[in-house]
Amino acid sequence: TYEFERSMFPSMIVNQGVEQLARPAEFVLEKGGKNVPWKRISTTVTDARDTEATLEFSGESKAAKIQGTVTVEYDGWAFFDFTVTPHKRHRIDSLQLDIPFPRSEAQFMRTHGPIATWAGEIMRTALIGDVRTDATKSATEGLRSQFGDAWMPDGWEDHGEFVFQAYVGNDERGLFVVQDTEEHRHLESGNIDIRYEDDVTVLEVKLIDIPPDVDGPLHYRIGLVAVPFKEYRYDLEHLLSMCGGHNPAWVTTNNFEAWIEGGLLWEWGRVEKDMEPHPGHPNRLSEMLKEFENVTMRGGVNSTCMMAPSPHAAFDTYRDEWVIEPPYAIPDHAGSGVDLVMVSTDSSFPDYFLWWTKERIEKDGIGGLYFDMVSPCGSMNSLAGEGWTDENGERHMTSNSFSLRELYKRLYTLMKEEGAKRGKEFYIYQHLSLIHISEPTRPRLISYAV
């Protein structure tokens, strides 16, 4: 539950019956080294339905005005889209969102940044609260050896990169802050920091810390999501299983009968890389799925919604719009003679992928999809509406964080509709969706996956 009491950002966030904020979040503007307070703050609900609510907000200060909307969706996502317009002859020295947590609710922080091509970002983990750090010497050395300065047992340290995703919380719940671009950020160093005020830990989301040289409105989008969006089911991994191999007999003869639903990992091979049946065995998938149904199991295709096969007719037709820029591909994947090429969810590829998924349901009888190789990715393909150009004419990447979430919502809707027609449930299994709630690559996805 998000509450807005004469405020532009949440005055209260209640998750699983626990208040996550120590006090209202504050949008802080400074000029001349002094805090310039916002006045005449207005927040009005303009739309409310079962799945989302939209509010309009505005405010004035001596240095600037702010106007925007916030859309809160049923699974805890809140999207803040707003514009800050400096008054004439006024410059903003500093602009940031302060999110204050009780110390007990801010035990550690995990971040992803900077915006980069596939797998180019760094995941950092910092212990920022009262967390025991009494690991053995060998364990500590192992962590440092594996993660280097990305492992921060002594607290957060700014490394200067733009963090497009940050989680602050504990083992039970937390809050993600997500951004998809560095545009209109004017920063000397990184955009995320932590400060302490007695028993309060404040997450600073910085937008400006050096006065911008550009005039005119400054546009921003920030996503907040409280997790888990419903009570976390620690028993889920015992109810739903992904089991390798194509033979259901392997499952039943290895004492897996207790699982209510099983999953078939139809590995990426020549068949699926073409996204269509291979002429040599056109019925292979449907026949395997029937075998699983005979032992009351469901089969899900091991897939990805962010890569396309090449050569492939659809990809060859829409290549220029679909591919990320700079490009990324896995040549001759698994010796198949087919390349896997990273594509953008900002493009029209999601339309194709939904069509393809419906085809697999209708023609092959799949029980769902298992996704790997899915995570926010940077790109500046202008044909897909990605990237931005700075005042010097240099192009920069944007992240597909928000469009990737939209694709999952559409897949979820498709599977619910198809399931209603058939009187059955379809599933989306997300790689790593059963691990810790702070797993930083997929907060926008897990609410639409099993």
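Which residues in helix 5 are buried? Let me start there, and then I'll walk you through the rest of the chain. One reminder before we go: this is a predicted model.

So, helix 5 covers residues 284-293, and its buried residues are L285, S286, M288, L289 and F292. If you look down the axis of helix 5, those buried residues fall within an arc of 160°, so they line one face of the helix. There's a familiar background to that: an α-helix has 3.6 residues a turn, so residues three or four places apart point the same way.

Now let me step back to the whole chain. We have 8 helices and 28 strands. Of the 450 residues, 52% count as buried. For those of you who like contact maps, take the contacts with a separation of 6 or more: residues 24 or more positions apart account for 66% of them.

On to the sheets. One open sheet is made of 5 strands in the order 5-4-10-17-16, with antiparallel pairing. Its edge strands are strand 5, at 34-35, and strand 16, at 192-197, and each pairs on one side only. At the strand 5 end, strand 4, residues 26-31, pairs with strand 5 in the antiparallel sense over 2 bridges. If you want a specific pair to click on, K31 has K34 in strand 5 as its bridge partner.

Next along the sequence comes a hairpin. Strand 6 and strand 7 form it, with 3 residues between them. Strand 6 is residues 39-48, and its antiparallel pairing with strand 7 runs over 7 bridges. One of the bridge pairs puts A48 opposite A53 in strand 7.

While we're here, let's zoom in on T54, which sits in strand 7, residues 52-60. Is T54 buried or exposed? Its relative accessibility is 14%, and buried means under 20%, so T54 counts as buried. And what does T54 touch, once we leave out residues up to four places away in sequence? The contacts are T44, V45, T46, D47, V70 and T71.

Moving further down the chain, there's another open sheet, this one with 3 strands in the order 20-22-21, again with antiparallel pairing. The edge strands are strand 20, at 307-310, and strand 21, at 329-330, each pairing on one side only. Helix 6, residues 313-322, packs on this sheet and touches strand 20 and strand 22; the direction of helix 6 makes about 135° with that of strand 20. Strand 21 pairs with strand 22, residues 339-342, over 2 antiparallel bridges. Within strand 22, L340 is the bridge partner of I330.

Last stop: a helix pair. Helix 7, residues 349-364, and helix 8, residues 401-422, have axes that come within 11 Å and cross at roughly 25°. Helix 7 and helix 8 are therefore roughly parallel to each other. The crossing of helix 7 past helix 8 is right-handed.

Which residues meet between these two helices? From helix 7 we have P350, D351, F353, L354, T357, K358, I361 and E362. Across from them, helix 8 brings L407, R410, L411, L414, M415, E418, K421 and R422.

That's my tour, thanks for listening, and I'm happy to pull up any of these regions on screen.

Terms used
Residues numbered from 1 in each chain as written. Predicted model: local features only at pLDDT ≥ 70, side-chain atom pairs only at ≥ 80, totals over all residues. Heavy atoms only, no water. Pairing = 2+ DSSP bridges. Helix = DSSP H or I, 4+ residues; strand = E, 2+ residues; numbered from the N terminus. Contact = heavy atoms within 4.5 Å. Axes fitted to C-alpha atoms, helices over the stretch in contact; angles between N-to-C directions. Buried < 20%, exposed > 50% of the residue type's maximum accessible area, 1.4 Å probe, protein only. Arc of directions from axis to C-beta. Parallel < 35°, antiparallel > 145°, perpendicular 65-115°, else oblique. Left-handed = near helix turned anticlockwise from the far one by under 90°.
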